[in-house]
Amino acid sequence: MYRVIKKIFPVFMLMGLAAGVLQAQKRTIAVMTPFLAQPGTQLMVEAFESAAKGKSWEVDVIDTSGDVAALVSRMEDVSLQKVDAIVINADPSQIKTGLLAAKDAGIPVFGMDSGNDPLLVANITSNGYVMAAETATYVVDQLNGQGNVVMFIFEPYPPVQKRGAIAESIFNNSPDIKISDKITPSFDKGPLEGSRNAMEAFLNANPKKGSIQAVWAAWDDPALGAEQAIIDAGRQDEGIIIVGIDATDQAKDRIATGGNFKATVAQDFQGIASTVAKTIEGYLNQGSVSQKQIYVSAKLVTAGSLK
């Protein structure tokens, strides 16, 4: 009997240790953003939840519906709950107080398509410079280097601000390309509706046929809104070229019709989210990361590539 017990006891010990390891690896991650209404953010959050499920993590998604101040307050609350990590999709410079609260609580914070910041362990994103260069160069090429362009930008959010800065520099480097207007759309009724209204106002102020040759948008919603305004004004046959960034399903559907919306850039939202999950896992296991700014590749999407 003693021999049997002697043999069985180590087995139970090993089972207990294994259970302890599994329990120790059970993580709680808070994903925090004011932008969950945006299609790109939705895709990333859903993909992160899927990746986390495969790791048996618990994910708490917190959206403050465009209210950055509320996000800071919620970050302070979450920091008191001692989660294992926080993922943000927001401008780090606007939520310093929340980031400092997490730091004081010893909670690592990771950016998911956010700006780089010393208070983040790492930021995983697409290369905004490359995406903007792709679409801006596409516009210049399609116009043969000559024409008037309306830009839709959004400077409060670093990843999108970068896109506008690069596109503007490319347009300014083309002597016969003129930036007719730079518009920051209203978010009161959503950026798509805000962009449609802004584009409608621009077209009313510039009613002459041929007064505009292209619309460059820093993400897809303004491109979609601008196209709606152009169609509503009956000016879709003027050959106005529209480009966006993000390759949302709605944008790809419009591009596939062969209308004014000509191109977008497909961010690998699933790739960004899964890389965030892998980076968190590596950091929690090893206590360090090899890179603070990690880029996930993207590609130009046109009607030709959708066939």
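What is the volume of the largest cavity? Here are some notes on that and on a few neighbouring topics, bearing in mind that this is a predicted model.

1. **The largest cavity.** Its volume is about 260 Å³. A total of 20 residues line this cavity, and those closest to its centre are Gln38, Tyr157, Val160, Trp219 and Asp246. Three elements give two or more residues to the lining: H2, helix H6 (158-172) and helix H8 (220-232). Of the elements, H2 gives the most, with 4 residues. If you are thinking about the chemistry of the wall, the lining has 9 nonpolar, 6 polar and 5 charged residues.

2. **The second largest cavity.** The count of cavities of 30 Å³ or more comes to 2, and the second largest has a volume of about 40 Å³. Its lining is made by Ser114, Asn123, Thr125, Ser126, Asn127, Gly128, Pro159, Lys162, Gln293 and Tyr295. Strand S5 (122-126), H6 and strand S11 (293-296) are the elements that give two or more residues here. S5 supplies the largest share, 3 residues. By class, this lining divides into 2 nonpolar, 7 polar and 1 charged.

3. **The second largest pocket.** You may like to look at this one too: about 160 Å³ of space lies in it. The residues lining the pocket are Pro39, Leu43, Asp246, Ala247, Thr248, Asp249, Lys252, Ala266, Gln267 and Phe269. Helix H2 (39-54), helix H9 (249-256) and strand S10 (261-267) each give two or more residues to this lining. The classes here are 5 nonpolar, 2 polar and 3 charged.

4. **Shared pieces.** Some names turn up in two places. Asp246 is one of the residues closest to the centre of the largest cavity, and Asp246 is also among those that line the second largest pocket. H2 gives two or more residues to the lining of the largest cavity, and H2 does so for the second largest pocket as well. H6, for its part, gives two or more residues to the lining of the largest cavity and likewise to that of the second largest cavity.

5. **H8 against H9.** How do these two helices pack? The angle between H8 and H9 is about 45 degrees, and their axes are 9 Å apart. H8 and H9 are therefore oblique to each other. Their crossing is left-handed. On the H8 side the contact is made by Asp220, Leu224, Glu227 and Ile231, and on the H9 side by Gln250, Ala251 and Arg254. These residues divide into 3 nonpolar, 1 polar and 3 charged.

6. **H5 against H6.** Helix H5 (residues 128-142) packs with H6 at an angle of about 35 degrees, with the axes 8 Å apart. The crossing of H5 and H6 is right-handed. From H5, the contact takes in Gly128, Tyr129, Met131, Ala132, Ala133, Ala136, Thr137, Val139 and Val140, while H6 brings Lys162, Arg163, Ile166, Ala167, Ile170 and Phe171. By class, the contact of H5 with H6 has 11 nonpolar, 2 polar and 2 charged residues.

7. **Where the contact and the cavity meet.** Gly128 of H5 and Lys162 of H6 both take part in the contact between these helices. Gly128 and Lys162 also appear among the residues that line the second largest cavity, so named above with its volume of about 40 Å³.

Terms used
Residues numbered from 1 in each chain as written. Predicted model: local features only at pLDDT ≥ 70, side-chain atom pairs only at ≥ 80, totals over all residues. Heavy atoms only, no water. 1 Å grid on protein atoms, 1.4 Å probe; cavity = no way out; pocket = protein on both sides within 12 Å on 5 of 7 lines; lining within 4 Å. Points joined across faces, edges and corners; volume = space filled by probe spheres on them. Nonpolar A, V, L, I, M, F, W, Y, C, P; charged D, E, K, R; others polar. Axes fitted to C-alpha atoms, helices over the stretch in contact; angles between N-to-C directions. Parallel < 35°, antiparallel > 145°, perpendicular 65-115°, else oblique. Left-handed = near helix turned anticlockwise from the far one by under 90°. Contact = heavy atoms within 4.5 Å.
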